[in-house]
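Please read this briefing with the sequence and the model side by side. It begins with the whole chain and then moves to single sheets, residues and pairs.

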Amino acid sequence: IPASQCHRHKNRQNCLNAQEPYCGWNEHLMKCDVAPMDNHLANHWQQEVTRCPILTDPVDGGWSAWGSWASCQHSTSSSSSHTRSHLRPHIDSADQHMDSCQCQTRECNNPPPQNGGASCTGPKIKVSNCTVHGGWTAWSAWSACSQTCGFAIKTRRRTCTNPAPAFGGRVCVGHDHDEIVCIEMPPCPTPAKSQPPQQGQWSSWGPWETCSKPCNGGIRMRRRTCDKQSSREGGVDCPGCSFQIEDCNTHACPEIKRYSSWTPWLITNSSGVSGGGYVEKRMRFSCKAQTEDPSSIRVQVAKEEERFCRNDGSCLKGNINSQNNLDSENSWSEWSSWNSCSKKCGGGTQHRIRQCESPPCEGSPLQNRVCNMHSCRDEETGPGQWSCWTDWSACSVSCGIGVKSRSRDCLSGSCEGPSFMRETCEMPSCESLRGWESWSQWSTCDAAGQQSRKRICIDSSNGGCTGPSREVRECFDEYGNEEITSNALPRSVVAAGLSVGAVVGGCIVGFLAGVGLAAGVAFFYLRKRKVRVPGSPHYISKQNPYVAVPLKE
């Protein structure tokens, strides 16, 4: 039996005022408890043993221990002198002994509440083994019929609440509702046949609306309406869509070109000119754009003029060392794109033109070149045949975003499609390489089958040297540190200079030769084993004088 009853004191005042020798107030746990680890000198465990207890302080009540289980008994009324079993007053003595309730009680006297202290909280009695079997209530009255004509039913119900099963008691057995057919109901009138709903009809398509863009591809729309009856008359929507959309103005927008005014004359060379003086230059800029694509704006130097100025301030247009006008080429517009070739094969021509924007212009406004030089005989033999694509080239940059490319050759005929491909490649960010020295070569494979390489940080200022200084990768099982080739042939074959096609062709020829040799041996073997069987005398074509059997008809 524990000597301490610290749990009975719920607050600090009651715990200290009780002055129990084994109990004190624990400031860490904020409850009345025994000394921590039997250390009565702990600073956070308090007892007041030097003063007398205050007998008038409130004392909260505490429960006693639970009593033993016994049959529950209570008075039927305050004036009644006899008692009966709890909840089961109507059962006989045998059932009372089997299903009687068992109770266990406790009292609020350990200690009792004093001087205004709080009373005990919680139940005073426990009840067990109080079985109540369920019972049906009386049937309810029959309900009205479910409809006023034709086949109808009516129902009645009852519930298992007289009494409801409790404490493991049996539920009611049987149905909780009953149904019967309503007789002598008049037949329901036959509904009038309704007309099937009429499907709507589309009107003809309206005109196309204005295109959303004047160039570079837009869309336009046209509509139609559904002619249908109203929903009250049973009209049905038309199948399909009420509008159509198509592309329009797919041609590229024309390139618009505008020139700026001439810049002021700028000194470009004040020394090194024979005869003294200096050279001045001025420029005009051009702005080219497709109006529907603002990203296509290009600004570039369209024209330049140069003049030689003497020290006295007089200037002469043109280079002192050349009599040609530097503006002659810049007077032309840019060349247009090449038009389509005049022939598909056998050699044709295509041309491009340019416009004179600042006359006088020197040179020709037209350029020609030959095209489609392949033989037409290759064209007649069918589509051309491409070679395999080469491997992708190395990325054009060591960090950031660059470009890699690959190519293929037209082996025969007229090949369709590109012979050269380019795509972007993404290398490690240049920020990750800043401040580092280049990576060392990969080391040889260690016992764990791994290789490593290192790099040294040269400058860690301004956020440099980000990332690891050592990298590890798995070794290739078959080839070690060597580069794995694309044809995956044995090293002896590669060293002999044989290609993949030669090896595959040799394997196929050897396989076919083996199959043919096996077929020939099997044929001669079966022919040698074939045994000739003499004809049956019943099936010979004419009479045999040595066989006395009838001929078959």
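Of the 553 residues of the protein, 18% count as buried, where buried means under 20% relative accessible area, exposed means over 50%, and partly exposed lies in between (1.4 Å probe, protein chains only). This is a predicted model, in which local features need pLDDT of at least 70 and side-chain atom pairs count only at pLDDT 80 or more, while totals for chains, interfaces and linings use all residues. Residues are numbered from 1 along each chain as its sequence is written, and side-chain values use heavy atoms, with hydrogens and water left out.

**The whole protein**

- The secondary structure comes to six helices and 27 strands; helices (H or I, at least four residues) and strands (E, at least two) are DSSP runs, numbered from the N terminus.
- The accessible surface of the protein comes to about 40300 Å², and 54% of this surface belongs to carbon and sulfur atoms; such areas come from the Shrake-Rupley method with a 1.4 Å probe, and for residues only the protein chains shown count as cover.
- If one takes the contacts between residues at least 6 apart in sequence, 53% of them join residues at least 24 apart, a contact being heavy atoms within 4.5 Å.

**The sheet of E2, E1 and E3, and the core**

- Strands of a sheet pair through backbone hydrogen bonds, either parallel or antiparallel.
- One open sheet has three strands in the order E2-E1-E3, with antiparallel pairing, and two strands are said to pair if DSSP finds at least two bridges between them.
- The edge strands of this sheet are E2 (31-33) and E3 (45-46), each of which pairs on one side only.
- Strand E1 (residues 24-26) pairs with E2 in the antiparallel sense over three bridges, and Trp 25 has Cys 32 in E2 as its bridge partner.
- Trp 25 and Cys 32 also belong to the largest nonpolar core, whose six residues include Cys 6, Cys 15, Leu 16 and Cys 23 as well; a nonpolar core is a set of buried Ala, Val, Leu, Ile, Met, Phe, Trp, Tyr and Cys residues joined through side-chain atoms within 4.5 Å.
- Leu 16, a member of this core, touches Trp 25, Gln 46, Gln 47 and Glu 48 when residues up to four places away in sequence are not counted.

**The sheet of E4, E7 and E8**

- Another open sheet of three strands follows the order E4-E7-E8, with antiparallel pairing.
- Strand E4 (70-71) and strand E8 (125-128) stand at the edges with a single partner strand each, so one side of each has no neighbour in the sheet.
- Strand E7 (residues 102-105) and E8 are paired in the antiparallel sense over four bridges, and Thr 105 has Ile 125 in E8 as its bridge partner.

**Salt bridges**

- The structure holds eleven salt bridges, each defined as a side-chain nitrogen of Lys or Arg within 4 Å of a carboxyl oxygen of Asp or Glu.
- One of them joins Lys 124 to Glu 107, with the closest N and O atoms 3.5 Å apart; both residues lie in the loop between E7 and E8, 17 residues apart.
- Lys 124 counts as partly exposed because its relative accessibility is 45%, and Glu 107 is also partly exposed, at 37%.
- Lys 281 and Glu 304 meet through their side chains in a salt bridge (3.7 Å, N to O), which links strand E17 (residues 278-290) with strand E18 (residues 293-309) across 23 residues.
- Lys 281 is partly exposed at 22% relative accessibility, and Glu 304 is partly exposed with a relative accessible area of 30%.
- Arg 453 forms a salt bridge with Glu 471, where the closest N and O atoms are 2.9 Å apart.
- Arg 453 lies in strand E26 (residues 450-454) and Glu 471 in strand E27 (residues 470-474), so this pair ties together parts that are 18 residues apart in sequence.

**Surface residues**

- Val 504, Ile 508, Phe 511, Leu 512 and Val 515 make a nonpolar surface patch of about 490 Å²; patches are made of residues with over 30% relative accessible area and no salt bridge, with like charges joined within 9 Å and nonpolar side chains (Val, Leu, Ile, Met, Phe, Trp, Tyr) within 5 Å.
- Val 515 lies in helix H6 (residues 500-529) and counts as partly exposed, at 43% relative accessibility.
- Lys 344, in the loop between strand E19 (315-317) and strand E20 (348-353), counts as exposed because its relative accessibility is 69%.
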